[in-house]
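Open the model in your viewer and keep the sequence panel beside it. This tour gives you one selection at a time and says what is there.

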Amino acid sequence: MQYDDGNVFARILRREIPAAIVWEDERCLAFRDLDPQAPLHVLVIPKARIPRVGDAVEEQRELLGHLLWAAGEIARLQGHGEAFRLVVNHGAGAGQSVFHLHVHLLAGRPMAWPPG
Ligand code: AMP
């Protein structure tokens with residue numbers, strides 16, 4: 001899939017629109033979801049232009065791992081290191097609505113299984 005530089009997360013990365021940022025490092029940015037589905041709901045996004053997780057190329061394997069590591073660090077720093085859920089939707093059929101790769105970090109309430 002082609003990456004669209006006009007997507008909302010690209011605009012957050014360029015600081016064109018505000019976000020409640022909780023983490024930033026050289027490879028990723030994390031900010032609170034506008035429509036939180038749990039007491040803690042943070043989106044962890046790479047700075048690289050990757051539309052969907054399955055669009056990442058082999059050279060980006062380490063970056064994908066970095067996103068999971070950062071999510072775990074954020075959960076711990078936010079006081080939810082003992083229980084949290086990470087979700088990545090790939091494609092509109094799976095619920096993806098913003099086509100810049102993002103990891104949902106959800107915590108602070110019981111999590112049902114299977115997910116909806
Ligand atoms: P997904 O449906 O997996 O693509 O998730 C997109 C998420 O982005 C949703 O949970 C939205 O609530 C969230 N979202 C959309 N626009 C913004 C924004 N400007 N700031 C923070 N979160 C947003």
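**Stop 1: His 100.** Select His 100, which is buried at a relative accessible area of 0%. You are looking at a predicted model. His 100 sits in the loop between β4 and β5. Show side chains: that of His 100 makes a polar contact with the side chain of Tyr 3, at 2.5 Å. Now expand the selection to its contacts. Beyond its sequence neighbours up to four places away, His 100 touches Tyr 3, Asn 7, Phe 9, Ala 10, Leu 13, Ile 45, Pro 46, Ala 48, Ile 50 and Pro 51.

**Stop 2: helix α1 and the loop after it.** Go to Ile 12, in helix α1. Is Ile 12 buried or exposed? Its relative accessibility is 6%, so Ile 12 counts as buried, the cut-off being under 20%. Leaving out residues up to four places away in sequence, Ile 12 touches Ile 17, Pro 18, Ala 19, Leu 29 and Phe 31. Draw a distance from Ile 12 to Leu 29: these residues are 17 apart along the chain, and their C-alpha atoms are 9.3 Å apart.

Step on to Arg 15, in the loop between α1 (8–13) and β1. Check its backbone. Arg 15 is not a glycine, yet its phi is positive, about 60°. Most residues other than glycine have a negative phi. Arg 15 is partly exposed, with a relative accessible area of 45%.

**Stop 3: helix α2.** Select residues 61–77, the 17 residues of helix α2. From first C-alpha to last, α2 reaches 25 Å, close to the 24 Å expected at 1.5 Å a residue. Colour its buried residues: Leu 63, His 66, Leu 67, Ala 70, Ala 71, Glu 73, Ile 74 and Ala 75. Residues three or four places apart on an α-helix point the same way, because there are 3.6 residues a turn. What do the buried residues of α2 pack against? They meet β1 (21–24), β2 (28–32), β3 (40–46), β4 (85–87) and β5 (103–107). Just past the helix, stop at Gly 79: its phi is positive, near 85°.

**Stop 4: the cores.** Nonpolar side chains tend to be buried together in soluble globular proteins. In the largest nonpolar core here, of 17 residues, Val 42, Val 44 and Ile 74 touch the most other members. β2, β3, α2 and β5 each supply at least two residues of this core. α2 gives the most, with six residues. Apart from this core lies another, of seven residues, including Phe 9, Phe 31, Leu 43 and Ile 45.

Centre on Val 44 next. With residues up to four places away in sequence set aside, its contacts are Cys 28, Leu 29, Ala 30, Leu 67, Ala 70, Ala 71, Ile 74, Leu 101, His 102 and Val 103.

**Stop 5: Leu 40.** Move to Leu 40, in strand β3. Leu 40 counts as buried, at 2% relative accessibility. Past the four-place sequence window, Leu 40 touches Arg 32, Ala 75, Gln 78, His 80, Leu 105, Leu 106 and Ala 107. For a long view, draw a line to Gln 2. The two are 38 residues apart along the chain, with 31 Å between their C-alpha atoms.

**Stop 6: the ligand.** Show the ligand and the 16 residues around it. Which of them come nearest? Asp 33, Gly 95, Ser 97, His 102 and His 104 do. A polar side-chain atom of Asp 33 lies 2.5 Å from a ligand oxygen atom. For His 102, a side-chain N or O atom is 2.8 Å from an oxygen atom of the ligand. His 104 likewise places a polar side-chain atom 2.8 Å from a ligand oxygen. Of the 500 Å² of accessible area that the ligand has on its own, the protein covers 82%.

**Stop 7: His 104.** Stay on His 104, found in strand β5. His 104 is buried, with a relative accessible area of 14%. Its side chain makes a polar contact with the side chain of His 41, at 2.9 Å. Not counting residues up to four places away in sequence, His 104 touches Asp 33, His 41, Val 42, Leu 43, Arg 85, Leu 86, Val 87 and Asn 89.

**Last stop: Pro 114.** Follow the chain into the segment after β5, where Pro 114 is found. Trp 113 and Pro 114 are joined by a cis peptide bond, with omega about 0°. Most peptide bonds are trans.

Technical notes
Residues numbered from 1 in each chain as written. Predicted model: local features only at pLDDT ≥ 70, side-chain atom pairs only at ≥ 80, totals over all residues. Heavy atoms only, no water. Helix = DSSP H or I, 4+ residues; strand = E, 2+ residues; numbered from the N terminus. Expected span 1.5 Å × (residues − 1). Buried < 20%, exposed > 50% of the residue type's maximum accessible area, 1.4 Å probe, protein only. Contact = heavy atoms within 4.5 Å. Polar contact = N/O pair within 3.5 Å; in protein donor to acceptor, adjacent residues only side chain to side chain. Core = buried A, V, L, I, M, F, W, Y, C linked by side-chain atoms within 4.5 Å. Near = heavy atom within 4 Å. Areas by Shrake-Rupley, 256 points an atom, 1.4 Å probe, with all protein chains shown as cover.
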